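This briefing covers one sheet, the helices that pack on it, and the empty spaces found in the structure. Please read it alongside the sequence and the 3D view.

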Amino acid sequence: MNNYSPASKTEDKDVEREILAMSAHMHKLVSHAQSAGALQQYFMSEIDRRATNLKKGLVEIDEEMVRSKSSVNSAQQKAQSEINDVADGINSRLAALQNTLTQKNQDTANVLASIGDIGKAVKMLALNATIEAQRAGAQGKGFAVVAHEVRALSQTTMEQVKNAAELIDLNEVNQVLEDIIQQTQETLKGLQSNIDAALIKLDQNIETTIAHQRSIDQNNQVIFEMLANGQQAQKRAMDKIGWVYDDLGRLSKSEQAKQNLSEIAQKSAIWFDPENDMLDRVMRDKKLRVVVEPSFVGLSFRQAIGQPLEGLDIDYIKAFAKWLGVEAVIEEHPWDVATELLYSGRKPNEEPVNLVWTALPPSADFQDVAFSETYTYLDFVLCRRTGDTRIESIADLENKVVGIINDPGAFQVLEEAGLRWSENENKPGQIAHLANLIPYSDQSRIHDCLVEGTVDAFAVDLPIYYWAATNPKSPWYGKIEILPGNIASAPYYYSVGIKAQPDSYRLLAKVNEFIQWYKTTEAREETEVKWQGTPVQGDISYRDEEGDLVGEEKLKDLYEKACHHLGVATRT
């Protein structure tokens with residue numbers, strides 16, 4: 001016998017819906033925790049790889065220092081040997097020169113002695129001449145004899161003088177000195193050449209050591225970035241796990257189980273009341289809750305603390321809220337987990353947001369998200385430090401460190417452009433292999449990391465760097481520059497994200513209606529020019545992506561099926 005009344009059946013059906021909603025809610029929280037855990041695993045893997053590189057770098061530095069020390073010792077020993085050889089050569093030459101001078105001195109003494117003897121002889125002749133003079137007169141023949149002797153003596157004297165000149169000639173000494181000087185110069189020149197070669201080798205070793213030190217410093221910076229990202233991912237995972245634990249704890253209290261189940265289900269964002277869907281609640285409360293990344297310079301950012309958010313996405317959000325006739329309540333959350341707020345809010349008992357309107361490129365990696373039509377097109381560009389002419393194109397990124405936003409679409413664009421890194425290095429079509437690819441979850445770092453040298457280049461959506469690189473008010477003005485051209489094969493584009501549930505259909509339809517209208521206005525063109533220089537044309541949408549993504553058409557089908565299941569009429 002069936003004791004269930006229609007009322008109890010309706011109640012059971014509600015409980016069933018609540019249980020299903022609760023189950024889906026738990027699944028979402030666990031899924032978010034798993035995503036954060038996977039991201040943390042990637043960061044830890046990269047830290048491990050960097051730590052290995054760091055160890056290798058330290059070993060190489062140690063080896064370079066040993067080689068440098070060996071080069072210095074070798075150069076010192078060789079220089080000392082060359083100096084000793086030069087000194088010995090000079091000493092030997094000087095000793096020979098001393099012997100030559102001694103011999104010359106002795107020869108000179110002999111010549112002088114001979115001249116002395118001549119002097120004596122002349123003196124005797126002079127004496128004889130005096131004597132003979134006394135006998136002058138008849139005996140003049142004696143003078144003839146004296147004259148003969150004087151002539152002979154004169155001849156002897158001339159010969160001795162000639163010999164003395166030859167003996168005293170120092171040309172040989174001068175030649176020896178010149179030879180010594182020349183050989184000394186040649187030896188010293190060779191010594192200088194050897195020293196120069198040793199110093200060049202030493203300089204090369206020092207440069208190599210400096211390069212290793214820079215590599216280690218770069219590894220350290222990457223490790224610090226990865227640790228920070230890993231800590232954020234770990235915190236998100238632990239928060240979501242704690243959230244699940246608390247909800248299960250509330251359900252474990254049997255006396256309050258049904259009431260708690262109902263409360264949790266109502267806040268889970270899976271709950272669907274066709275007569276009070278998301279659009280109804282927005283229009284009733286006159287508030288549209290939208291999540292943005294608050295550090296996306298050019299898209300959603302503050303020029304200074306305390307100032308309101310501004311940027312391309314902020315302008316679009318305000319325009320849509322005004323068009324819809326409601327107030328835009330902007331929630332701030334990290335970009336790579338912004339879509340999680342569609343289902344679970346930021347903390348327990350906080351309602352999910354209505355829309356994600358923050359540089360969202362449609363991708364199957366954003367699970368259970370439906371996408372609007374494209375509201376803006378843009379280029380995906382490569383940026384460098386101002387004046388860094390080493391980087392002119394993708395091909396110049398060989399062995400460089402590149403930063404990107406932690407966006408699945410960004411990884412895909414770089415891979416299709418021919419860049420390879422540790423995760424995809426075996427895929428064909430390589431143009432350049434990166435030393436490392438760093439995905440940034442902390443958007444406040446995506447400009448500073450380039451300026452500070454943590455990365456050599458940054459691949460990014462144009463609006464995120466356009467204002468930063470071109471506006472004089474930007475703290476990065478004059479420090480970073482954008483290379484011309486689009487890295488992607490087609491224009492990059494953004495859509496608005498909403499939860500892929502029947503409850504969302506009518507609000508998504510309003511978003512698409514606004515986008516089509518806004519594209520015809522001057523206000524939209526002014527916004528595009530202000531934040532990315534010029535409007536970019538395109539025709540791509542979420543329909544062109546892999547993964548059979550959900551848009552208005554599929555969401556409408558879910559909505560109609562849900563209404564039919566509940567026995568209520570659909571609304572537009």
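The notes below take the sheet, its helices, a pocket and a cavity in turn.

The model is predicted. An open sheet of five strands with mixed pairing is described below, followed by the second largest pocket, with a volume of about 640 Å³, and the largest cavity, with a volume of about 60 Å³.

**Sheet**

- The strand order is β10-β7-β11-β6-β12.
- The edges are formed by β10 (436–440) and β12 (480–482), each of which has a single partner strand, so one side of each is left without a neighbour in the sheet.
- From one strand to the next, the twist averages 25°.
- Strand β6 (residues 380–385) and β12 run antiparallel and are joined by three bridges.
- Within this part of the sheet, C383 stands opposite I482 in β12.

**Helices on the sheet**

- Helix α8 (residues 408–416) lies across β6, β7 (401–405), β10 and β11 (457–461).
- The direction of α8 is at about 140° to β7.
- Helix α10 (residues 462–470) also packs on the sheet, where it touches β6, β7, β11 and β12.
- The angle between the directions of α10 and β11 is about 115°.

**Second largest pocket**

- The lining consists of 28 residues, and G409, Q412, V413, E416 and E545 lie nearest the centre of the pocket.
- Helix α8, which lies across the sheet, supplies the largest share of this lining, seven residues.
- Strand β13 (492–499) and α8 each supply at least two residues.
- By class, the lining of this pocket has 15 nonpolar, eight charged and five polar residues.
- Domain 1 (271–371 + 500–571) and domain 2 (381–483) each contribute at least three residues to the lining of the pocket.

**Largest cavity**

- How many cavities of 30 Å³ or more does a search of the whole structure find? The search finds one.
- The lining of the largest cavity is made up of F296, W335, A359, F380, I405, D407, A410, A459, V460 and D461.
- Strand β11 gives the largest share of that lining, three residues.
- Eight of the lining residues are nonpolar and two are charged, with no polar residues.
- As for the pocket, the lining of the cavity draws at least three residues from each of domain 1 and domain 2.

Terms used
Residues are numbered from 1 along each chain as its sequence is written. This is a predicted model: local features need pLDDT of at least 70, side-chain atom pairs count only at pLDDT 80 or more; totals for chains, interfaces and linings use all residues. Side-chain values use heavy atoms; hydrogens and water are left out. Two strands pair if DSSP finds at least two bridges between them. Helices (H or I, at least four residues) and strands (E, at least two) are DSSP runs, numbered from the N terminus. Axes are lines fitted to C-alpha atoms, for helices over the stretch in contact, and angles run from 0 to 180 degrees between N-to-C directions. Contact means heavy atoms within 4.5 Å. On a 1 Å grid over the protein atoms alone, a cavity is a set of points where a 1.4 Å probe fits but cannot get out, and a pocket is an open set with protein on both sides within 12 Å along at least five of seven lines; lining residues have an atom within 4 Å of a point. Grid points are joined across faces, edges and corners, and a volume is the space filled by probe spheres set on the points. Ala, Val, Leu, Ile, Met, Phe, Trp, Tyr, Cys and Pro count as nonpolar, Asp, Glu, Lys and Arg as charged, and the others, Gly among them, as polar. Domain bounds come from an automatic or database domain assignment.
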